[in-house]
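Please open the model in your viewer and keep the selection tool at hand. The stops below go from one element to the next, with a note on what to look for at each.

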Amino acid sequence: MSNSFPVWINEGKAMSSPLVRSTNAFKRNSMRIAAALLIALASFVVGPNAALAAAAQHHDQAPGFYRMKVGDLEVTALFDGHGVFDPHWLNGTKATMDGVAEALHEDPHMLDVSDEGFLVNTGTQLVLVDAGAGTWWGGGALGRLVDSLRSAGYTPEEVDIVLLTHLHSDHVGGLTTQDGKRVFPNAEVYVAKAESSFWLSPEIAAKAPKEVQPFFRSAQAIAAPYIEAGKWHTFSGSEAIVDGMQVVPLPGHTPGHTGYEFSSKGQKVLFWGDVVHAQRVQLPHPEVTAVFDIDQTAAAATRNQLLAELAREDVLIAGPHMPFPALGRLRKEGSGYSWVPVIFNDRWDERAPSPQK
Ligand SMILES: [Zn+2]
Ligand SMILES: [Zn+2]
């Protein structure tokens with residue numbers, strides 16, 4: 001045993017576990033150990049800066065949630081992950097798209113996007129608007145929504161209602177695990193009838209282009225356990241689902257693409273789904289569409305009309321692909337718009353809901 005003695009001193013681990021493992025050596029060589037400890041302690045006195053320099057870098061970020069007050073509502077943005085929008089997924093005039101390609105050389109982060117869902121605590125119900133991608137989209141870069149929800153102090157079991165803007169997997173993947181389990185076991189899920197009938201139809205799926213097929217497959221697999229449990233509901237008009245919430249049809253991106261507008265005490269927040277994907281292109285150029293827009297003309301028309309209205313009325317917007325916390329407002333700028341983001345604030349200020357006007 002005595003041979004091991006100089007080894008652990010040389011390794012500089014005098015204060016850690018080898019001391020515990022050396023009980024017998026301790027008894028037999030207590031004087032020598034005491035001397036060695038003195039040497040080890042002396043080295044701490046001589047070199048205190050060495051310990052400071054060794055502090056490890058921490059690469060984890062703050063928990064991905066941000067909440068704000070809208071009237072009596074608590075609205076919490078839930079970060080799901082970060083991604084990059086491919087410029088080939090955008091359709092615009094040649095001049096606009098050449099401009100995008102050129103700008104990307106200077107600024108490779110121009111098409112960075114994030115993915116978010118949002119939680120509304122109405123005081124009586126916990127409502128989730130979109131559920132992030134889970135494991136169904138994003139190649140592992142997305143799927144943090146449930147962690148963000150827990151960090152915000154809630155559990156998936158507490159969610160009463162899920163409102164879906166549409167059935168693309170980056171908005172609904174978080175609902176269901178790959179082995180078909182409901183992530184929100186007590187939630188009633190609502191989606192527009194036109195949306196549900198489109199993506200869940202085997203006939204339409206069979207006729208769809210090959211590259212769109214995966215969206216049909218994922219939508220069907222994600223919906224299945226909720227349908228089986230009787231928790232999948234569709235609406236076709238302005239049925240009252242949640243008090244103070246209005247359904248806002250926003251067709252084009254998908255057949256039943258829907259926004260949800262919550263109002264409380266004269267304040268409003270609109271959850272707008274995929275009205276905008278690449279904000280730094282589509283806000284200055286609202287006519288630019290995305291390849292995921294199933295009806296390109298309708299998507300552009302919806303965006304044109306909605307952006308003008310939102311800028312005019314100064315409505316708070318919750319946009320799943322806008323920069324985190326994905327909450328902000330629009331300003332008219334030239335022939336397009338600019339995004340005025342909600343800025344991180346560590347207070348829960350009941351008196352400062354709408355600083356702009
Ligand atoms: Zn979409
Ligand atoms: Zn999306």
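Select the hairpin of β10 and β11, where two residues lie between the strands and Lys-265 takes a positive phi near 50°; strands here (E, at least two residues) and helices (H or I, at least four) are DSSP runs numbered from the N terminus. This is a predicted model, in which local features need pLDDT of at least 70 and side-chain atom pairs count only at pLDDT 80 or more, while totals for chains, interfaces and linings use all residues. Residues are numbered from 1 along each chain as its sequence is written, and chains are lettered from A and ligands numbered from 1 in the order in which they are written.

Widen the selection to β10 (residues 258–264) and β11, which run antiparallel and are joined by five bridges; strands count as paired if DSSP finds at least two bridges between them. Ser-264 stands opposite Gln-267 of β11.

How many of the five residues of β11 are buried? Four of the five residues in β11 (residues 267–271) are buried, so this strand is largely enclosed by the rest of the structure. A residue is called buried if 20 or more other C-beta atoms, placed from the backbone, lie within 10 Å of its own, exposed if 12 or fewer do, and partly exposed in between.

Next, add β13, which pairs with β11 in the parallel sense over three bridges; Phe-271 has Ala-318 in β13 as its bridge partner.

Ala-318 also leads into the largest nonpolar core, which has 69 residues and in which Ala-318, Ala-77, Phe-118, Val-162 and Val-189 touch the most other members. Such a core is a set of buried Ala, Val, Leu, Ile, Met, Phe, Trp, Tyr and Cys residues joined through C-beta atoms within 7 Å. A second, separate core of seven residues includes Leu-90, Ala-278, Val-281 and Ala-290.

Now move to the two ends of β13. In the loop between α13 (296–313) and β13, select Asp-314, which has a positive phi of about 55° although it is not a glycine; with 14 C-beta neighbours inside 10 Å, Asp-314 counts as partly exposed.

The last stop is the loop between β13 (316–318) and β14 (327–333), where Pro-325 has its place. A cis peptide bond, with omega about 10°, joins Phe-324 and Pro-325. Ala-326, in the loop between β13 and β14, has a positive phi of about 60° although it is not a glycine, and Ala-326 is buried, with 25 other C-beta atoms within 10 Å.
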